[in-house]
Each structure stands twice: as structure tokens, then as C-alpha cells.
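Biologist: Let's go through this model together. Please keep the answers short.

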Amino acid sequence: MKTRFILFITLTLVLNNSFAQEYCAAPIDNYNQNFSSLSRMLIGDSANEGMICLNIFFHIVRNDNGDPSSGIRDFETNAIVDNLNSHYNPHNIKFNKVGFDFINSTLLNDVQPSEIGDLILLNNNPNSLNFYIVNTADFNGYGDILGTNVVITKDAAVTGVASHEVGHNLNLRHTHDTRFGIENDDNCTYAGDLVCDTPPDSGLRDYRDPQNPNYPYYVDSNCNYTKNDGYNPDTENIMSYTSPTCLRHFTNG
């Protein structure tokens with residue numbers, strides 16, 4: 001595999017029409033870090049390694065009046081943890097909920113990309129992955145490469161999108177990433193997403209009409225690829241831009 005992604009931590013389903021906004025607000029202009037000298041995963045697959053446990057602290061954003069219906073319910077965060085564990089446990093990563101709090105701000109409950117920095121300063125837990133769950137946003141989710149913060153809408157949080165954003169925190173890029181060059185079958189170690197067991201991907205989101213909730217992806221209802229451009233991407237890879245209902249697995253890489 002191209003690079004052993006090291007989990008040394010410095011550490012968006014509802015129907016498709018809920019996901020017509022920008023898929024993911026993760027920055028694409030930062031480089032992956034190389035922690036190979038610190039890795040427990042240099043030799044063998046992650047399945048052969050001991051379990052890595054990561055704490056999660058939830059920040060539930062609500063309107064100024066604290067109306068519970070304006071934010072996700074605290075008990076629903078348990079389902080988020082369960083979903084994360086279903087995706088990550090096969091790769092020996094386990095998530096542990098250590099608590100939650102409420103942030104009452106009508107302004108930040110409909111967060112804009114320019115307001116993410118203000119939001120993640122509030123009640124930030126330095127010893128956990130911080131999940132900020134908002135009512136609405138111009139994006140489904142945000143997670144920075146090797147960061148410790150996720151900002152995600154309440155609809156997306158209970159889907160595979162949460163695992164997608166955490167993937168960014170754990171040093172994973174989009175499968176269609178081109179910062180390091182366009183990937184083909186021969187350059188997987190230094191182009192694309194830098195993961196060799198994810199096939200080349202030209203992008204699964206259909207941006208010709210991104211506001212059309214019925215046709216926003218190059219996959220059909222059975223997660224079959226419909227773009228017909230010569231690529232054969234993994235339409236169920238969590239780090240892709242596939243339909244949120246198709247976000248099902250990571251590869252070993």
C-alpha cells in the first residue's frame with residue numbers, strides 16, 4: 001500500500017435530498033503528515049495491530065433559547081458512536097464517548113464555513129476528538145487532516161458522513177484527491193489519495209446540477225457507477241464523494 005497511515009493522533013442517512021449542499025468542507029490545500037517512524041503499523045495490516053481507542057466529546061449546538069428541538073438530542077450521539085465503531089472496529093480503532101455539552105447560539109446553529117473557526121473554539125476538549133453538531137450548514141461535514149475537530153449537521157452526523165470526516169482527522173484524503181497528481185494504476189504511491197488499495201477515482205459527485213436532489217451523484221440506487229468515463233472507483237468507500245447511503249467501508253490501506 002502506498003503509505004501506512006499512522007494513527008498517532010495529535011489529534012455526512014437520510015434521503016439524498018437532505019444532502020444537496022457542499023459534500024465536505026475539509027480543506028484540500030494541506031499536506032499529509034508522515035509519522036512512519038512512530039507507527040505501530042509499519043509491518044502488516046491494521047488487522048494485526050492492537051486496538052487504538054479514541055475519545056469523543058460532543059458539542060450540541062442549539063438556538064439561543066436552548067430549545068431541544070433546534071439541535072440533535074443528546075441520546076442520539078450514542079448512535080453516532082455506534083456507527084463510527086461499526087466502520088472503524090474492523091481496522092482496530094475504537095471510539096469512546098466521554099461526554100457532551102450544549103452551545104446555545106442561533107447564529108452558529110446555521111454555521112457558515114467562515115464561522116467554523118469561531119465554533120471550534122467553544123468548550124473545546126483538548127483530550128478528545130471534538131464533534132460540533134449543528135442544525136444546518138452550507139456543507140454536510142468538516143474535518144481537517146490530522147485535526148481534532150469535526151463540524152457536522154445533525155442529519156449527516158447519524159450517517160457514514162461522520163466516519164468520512166473522522167477519516168480526515170486520521171490522515172485520510174478523498175479518494176478523488178488530485179493535490180499530488182491524478183492517480184492511475186501506476187502512481188498510487190505518490191498521487192491521488194496516496195492509498196494503493198483504493199482504485200483511481202475521478203469523482204462521484206455530479207456538480208453539473210448540485211442543487212438537484214435527485215441526481216447529485218454518479219451512482220445509482222444500488223451504488224453502481226454511472227459516469228462511464230473509463231474509471232472503476234470503489235463507490236462504497238467512506239472517503240469518496242459517493243451517495244451518503246453508499247458510504248460503507250474503508251480499505252485496509
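Biologist: At what angle do helix H1 and helix H4 pack?

Modeller: This is a predicted model, where local features need pLDDT of at least 70, side-chain atom pairs count only at pLDDT 80 or more, and totals for chains, interfaces and linings use all residues. Residues are numbered from 1 along each chain as its sequence is written, and side-chain values use heavy atoms, without hydrogens and water. Helices are DSSP runs of H or I with at least four residues, strands are E runs of at least two, and both are numbered from the N terminus. Axes are lines fitted to C-alpha atoms, for helices over the stretch in contact, and angles run from 0 to 180 degrees between N-to-C directions; H1 (residues 77-88) and H4 (residues 161-169) have axes 9 Å apart and pack at about 65 degrees.

Biologist: Which residues of H4 does H1 meet?

Modeller: Contact means heavy atoms within 4.5 Å. From H1 come Ile80, Asn83, Leu84, His87 and Tyr88. Their partners in H4 are Ala162, Ser163, Val166 and Gly167.

Biologist: Which strand gives the most to the largest nonpolar core?

Modeller: A nonpolar core joins buried (under 20% relative accessible area, 1.4 Å probe, protein chains only) Ala, Val, Leu, Ile, Met, Phe, Trp, Tyr and Cys residues through side-chain atoms within 4.5 Å. The largest has 28 residues, and Ile80, Leu84 and Val166 are among those with the most contacts inside it. H1 and H4 are among the elements that each supply at least two residues. The top giver, with five residues, is S2.

Biologist: How many residues are in the other core?

Modeller: This core lies apart from the largest one. Val61, Tyr132, Phe139 and Tyr142 are among its members. Its count is 13 residues.

Conventions. Buried < 20%, exposed > 50% of the residue type's maximum accessible area, 1.4 Å probe, protein only.
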